[in-house]
Amino acid sequence: MGTVKILWVDDEIQLLKAHILFLEKKNYTVIPCTNGADAVQMVKEELFDIVFLDENMPGLSGLETLSQIKENHPNLPVIMITKSEEEFIMEEAIGSKIADYLIKPVNPNQILLSLKKNLDISRLVSEKTTSNYQQEFRKISMDLAMVNTYEDWIELYKKLVHWEIQLESISDVGMTEILESQKEEANALFYKFIKKNYLGWFHGEDKPVMSHTLFKDIIVPQLDTKNGTLLVVLDNLRYDQLRVLELTINEYYKTVDETTFFSILPTATQYARNAIFSGLMPLDMEKKYPEYWRNDTDEGGKNLYENEFLTEQIKRLNLNISHEYYKITNLSKGKDLANNFAKTKNNDLTVVVYNFVDMLSHSRTEMEMIKELASDDKAYRSLTLSWFRNSPLLKIIQKAQQMGLKLIITTDHGTINTKRPSKVIGDKNISSNLRYKTGKSLSYNEKEVYLVKNPRDIFLPSLHMSSSFIFAKEDLFFAYPNNYNHYVKYYKNTYQHGGISLEEMIIPCISLEPR
């Protein structure tokens with residue numbers, strides 16, 4: 001540790017000689033000062049790392065000295081030391097943004113602890129976090145060798161996300177790289193797990209909650225029809241992104257339940273989100289509601305009938321509830337709903353689909369500025385949080401809390417940063433998504449895809465009699481041989497969805513009660 005320079009201000013500084021010697025032996029440099037006026041001047045002229053400030057001094061009082069120091073150096077930590085335990089002095093000092101508060105007589109260890117709390121905190125947290133992850137790393141490695149159920153995968157993915165968020169606050173590049181390699185290994189094994197088990201989920205008993213069963217099995221039992229419920233479907237939101245948003249949401253709501261479910265394949269909006277609202281798999285949607293379902297090659301929007309699908313599902317489930325549906329696709333629509341949210345007060349269920357995260361992840365492929373702002377998962381989480389804190393969606397949530405509504409937040413699928421191209425060839429009617437393809441005469445690398453020859457086996461519609469589906473694994477994205485290098489450069493390191501990864505398939509649904 002480099003030498004830390006401390007300014008110690010006390011009108012009885014001569015009585016503190018033992019404390020000063022103690023700190024100097026610990027490699028701290030202590031500059032003594034006997035009054036507030038000199039202290040203010042010294043802080044202007046010299047750089048100090050921290051100030052110890054006696055509250056009860058003749059002339060300029062400790063609180064007055066604190067105020068003047070903060071005017072010039074608002075980020076300089078000041079530790080107030082006083083004989084007084086009177087509450088108003090403490091409140092005033094804390095209101096003036098002191099770093100810590102010590103009551104006389106202080107002992108050397110108290111002082112040392114206060115210094116460590118204020119100056120070494122990031123290093124100490126970093127060391128502890130790194131040490132804890134090093135221990136957990138071995139356990140995760142063992143878990144990876146043994147994981148074989150969907151419940152195991154949910155727990156393992158949550159563990160990886162927990163450590164990813166913990167490690168992002170420290171500067172240990174080595175640990176971050178180890179975690180990245182663990183995520184890559186996990187996604188490779190997860191792909192094998194899905195390839196082996198996905199089909200069976202539609203034909204057996206042991207299956208997770210999935211997109212098409214979420215509303216019936218998870219959301220309906222938690223509806224609060226007495227006070228009303230706000231259901232927010234935040235499009236294209238990963239588990240890690242919701243974890244960081246939740247801290248802000250928890251200022252207004254407390255989390256009372258969390259379900260982690262699996263998105264259906266393809267992990268794309270037209271399939272997964274329609275499945276949530278209809279309570280049906282895509283093949284059944286096409287059969288029952290051909291007027292609402294749109295295939296990949298059909299003209300126009302693919303999610304234009306979510307409210308109609310939801311209305312039909314509510315009828316099918318014999319739910320006696322009133323509901324309204326809103327889709328927010330731009331800032332002005334979000335502001336309109338936030339300003340007029342009180343009009344929803346008589347609904348049993350208000351559903352808000354918010355498309356921002358989807359727009360952000362796609363615009364990242366189009367705009368260099370977004371590419372810079374969301375260059376990796378850490379930056380992507382940070383950008384999402386920054387948007388959310390200033391969004392109409394947060395205002396809607398605040399209004400819902402004031403109205404006493406229950407809050408349920410979920411998403412349709414996640415997204416993954418795609419880094420490696422995989423060549424694919426098909427006819428001109430092949431679907432355009434970069435993480436899955438459907439069509440006939442597909443040519444691809446068999447080792448890099450999950451092939452479903454007969455889409456009906458996993459309840460997907462077929463575009464043609466000979467159509468199949470292929471899903472990209474891990475962090476691959478499909479690229480055409482034509483103009484290959486340009487295409488790869490354009491889409492490499494962009495956020496995409498539709499394929500098989502922990503990030504895309506394992507997604508959250510949380511229920512919250514107003515504070």
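## Ground rules and the big picture

Contact here means heavy atoms within 4.5 Å. Keep in mind, too, that this is a predicted model.

The protein chain runs to 515 residues, and buried ones make up 53% of them. Its secondary structure comes to 20 helices and 19 strands. Laid out along the principal axes, the C-alpha atoms fill a box of roughly 95 × 50 × 40 Å. If you take the contacts with a separation of 6 or more, 74% of them link residues 24 or more positions apart.

## Leu-349 and its neighbours

Let's zoom in on Leu-349, which sits in strand S9 (residues 349-354). Its relative accessible area is 0%, and the cut-off for buried is under 20%, so Leu-349 counts as buried.

Who does Leu-349 touch, once residues up to four places away in sequence are set aside? The list is Phe-215, Leu-223, Thr-229, Leu-231, Ile-321, Ser-322, His-323 and Glu-324. There's also a nice link across the sequence: Gly-228 is 121 residues from Leu-349 along the chain, yet their C-alpha atoms are separated by 5.8 Å.

## Two nonpolar cores

The largest nonpolar core takes in 71 residues. Within it, the residues with the most contacts are Trp-153, Phe-190, Ile-194, Tyr-198, Phe-262 and Phe-471. Helix H7 (residues 150-167) is the top contributor to this core, supplying nine residues.

A second core, separate from that one, holds 29 residues, among them Ile-249, Tyr-326, Leu-393 and Ile-510.

## A well-covered helix

Ile-249, from that second core, also belongs to helix H10 (residues 239-249), which is mostly covered. Nine of the 11 residues in H10 are buried. They aren't just greasy names, either: the buried set includes Asp-240, Gln-241, Glu-246 and Thr-248, along with Tyr-239, Leu-242, Val-244, Leu-245 and Ile-249.

## Where H1 meets H5

Now for a helix pair. H1 (residues 17-25) packs on H5 (residues 108-119) at an angle of about 50°, and the axes are 10 Å apart. That angle makes H1 oblique to H5, and the crossing is right-handed.

Which residues do the touching? On the H1 side they are His-19, Phe-22 and Leu-23; H5 brings Pro-108, Asn-109, Ile-111, Leu-112 and Leu-115. Sorted by class, the contact has six nonpolar and two polar residues, with no charged ones.

Technical notes: Residues numbered from 1 in each chain as written. Predicted model: local features only at pLDDT ≥ 70, side-chain atom pairs only at ≥ 80, totals over all residues. Heavy atoms only, no water. Axes fitted to C-alpha atoms, helices over the stretch in contact; angles between N-to-C directions. Helix = DSSP H or I, 4+ residues; strand = E, 2+ residues; numbered from the N terminus. Parallel < 35°, antiparallel > 145°, perpendicular 65-115°, else oblique. Left-handed = near helix turned anticlockwise from the far one by under 90°. Nonpolar A, V, L, I, M, F, W, Y, C, P; charged D, E, K, R; others polar. Core = buried A, V, L, I, M, F, W, Y, C linked by side-chain atoms within 4.5 Å. Buried < 20%, exposed > 50% of the residue type's maximum accessible area, 1.4 Å probe, protein only.
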